[in-house]
Amino acid sequence: MRRTCVAGFRGKGMLLFGIIITGMVILTACTPTTISYSVQGSARCQPGHRVGFLRTSHGELVDASGCQVVLTGVNWFGFETSTFVPHGLGVRNLQDMLNQMAQTGFNTIRLPFTNQLFDPASKPQGIDYRLNPDLKGLMGLALMDRIIQGAGKIGLKVILDRHDPTADLRPQLWYTDQVPQTRWIDDWVMLAKHYRGNDTIIGADLANEPHGPVTWGDGNPSTDWRLAAQQAGNAILAVNPDWLIIVEGIEQFQGDTYWWGGNLKGAKQFPVQLSRPDKLVYSAHDYGPEVYKQQWFQVPKPSDLAHTLPDVWQQHWAYLQKVGTAPVFMGEFGGSSMGNDAEGVWQRTLVAFLKLNNMSYTYWAWNPDSSDTGGILQANWKTVNQSKLNILSAYQWPKLGQPPSHKNNHSENSGAILNAYQWPSSK
């Protein structure tokens, strides 16, 4: 769920990429498509190969067989709220909900939670036990277990996201007086031990959207998110060496302000250093002008954004994957419009950008009750928003364990553009 922030960066346009993206935006607005992907070791990445846990290799995610994978999923929120349960279970059966996610084409769930979820007093609210009789009496970790079990049954992977320290509270720092850094790390270690060996859970998104006074690389133990992420990540890896450690950006770095959790410029000078470097994934969040009219949205006409946005993304987060430092996972993006207004152009351009660069994402959100973005589901919690799905289905990696198709169903011209374009060196 989003809040406003103030930013002061204006990116320079990249004409060539803008032309490419403009063409892709027009094409993807018309019909869902599938494109070819470059897959590491594609000759041995046959259907049914072993997926297991993931690691990183030269800016890519690879599975236990060494095959490249891309996470294309959704956020399903609620565990981080005072209901202490993913929303929608008052209307739907849990397994039915998970099945629809997989049938809709997603392969991953980012599951936000609050540390308060694990307190004995945090009882789930809003579950219809007639629809979900197997959830009766479950709460906290046991309820999370059941969701993980249901996801694993159909091949969905799960990323755990420590979204808030306490329910419905988004502090600037990753800790509060009520949930100090020690509790934050201890709960992560508890989860890492609890789920060790369960390859449905593939990673820990350490803390959601650090912002405000949060710093990167200055060595201040109270505000330096890079130091805190290293400490928590290494504590997790000490008890569970299989998980990906997902480190979000911050809001401000050296006078440059961006979305909460989206600014990763500091990672170039001050990279996160883990005991297992092949488990590091950086993560950014990005939103459109309906959430907040950032300075870079101030263009003469909406279509101009297809030319100007890629350079903004390259400078703030995309460079890390393009130069092979580490994969970049777009943990959140979403909005109500997929049209030709500024919001729609931003959203369609971002999907095309992620697709062109094989970057992983989880869309915000599956839920329809995200007030400023809406969701994949309509208000009835059953029907999908087809306009969103049409755009996202143009970039959905298949179920993990199945190699992507090399058949290019995009238009011939679009395929030629994609094959001809080479991304420039990082600035």
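**What lines the largest cavity, and what lies around it**

By class, the largest cavity is lined by 6 nonpolar, 5 polar and 1 charged residues. Keep in mind that this model is predicted.

Me: What makes the lining count 1 charged residue?
Reply: Look through the lining, which includes G59, E60, L61, Q68 and P327. Asp, Glu, Lys and Arg count as charged, so a Glu goes into that class. E60 is one of the lining residues, and the count for the charged class is 1.

Me: Which elements give two or more residues to that lining?
Reply: Those are β2 and β3. The cavity itself has a volume of about 60 Å³, and the structure holds 3 cavities of 30 Å³ or more.

Me: How do you know that β2 and β3 pair?
Reply: Two strands pair if there are at least two bridges between them. Strand β2 (residues 60-62) and β3 are joined by 2 bridges, so they meet that cut-off. They run antiparallel, and V62 has Q68 as its bridge partner in β3.

Me: Why are β1 and β3 called edge strands?
Reply: The open sheet has the order β1-β2-β3. β1 (55-57) and β3 (68-69) each pair on one side only, and that is what makes them the edges.

Me: Why is strand β12 called mostly covered?
Reply: A residue is buried if its relative accessible area is under 20%. In β12 (residues 328-332), 5 of 5 residues fall in that class, so "mostly covered" fits.

Me: What are the pairing partners of β12?
Reply: With strand β11 (residues 280-285), β12 pairs in the parallel sense over 4 bridges. There, A284 has M330 as its bridge partner. With strand β13 (residues 360-363), the pairing is also parallel, over 2 bridges. In that pairing, F329 stands opposite S360.

Me: What makes the path from β12 to β13 a β-α-β crossover?
Reply: The chain leaves β12, passes through helix α8 (residues 342-356) and arrives at β13. So it goes strand, helix, strand, and this crossover is right-handed. β11, helix α7 (residues 305-322) and β12 make a right-handed β-α-β unit too.

Me: How do you know that the reach of α8 is close to the expected one?
Reply: The expected span is 1.5 Å times one less than the number of residues. For the 15 residues of α8 that comes to 21 Å, and the helix reaches 21 Å from its first C-alpha to its last, so the two agree closely. α8 is also mostly covered, with 14 of its 15 residues buried.

Me: Which residue follows α8 with a positive phi?
Reply: That's N358, with phi near 50°. N358 also turns up in the lining of the largest cavity.

Notes. Residues numbered from 1 in each chain as written. Predicted model: local features only at pLDDT ≥ 70, side-chain atom pairs only at ≥ 80, totals over all residues. Heavy atoms only, no water. Buried < 20%, exposed > 50% of the residue type's maximum accessible area, 1.4 Å probe, protein only. 1 Å grid on protein atoms, 1.4 Å probe; cavity = no way out; pocket = protein on both sides within 12 Å on 5 of 7 lines; lining within 4 Å. Points joined across faces, edges and corners; volume = space filled by probe spheres on them.
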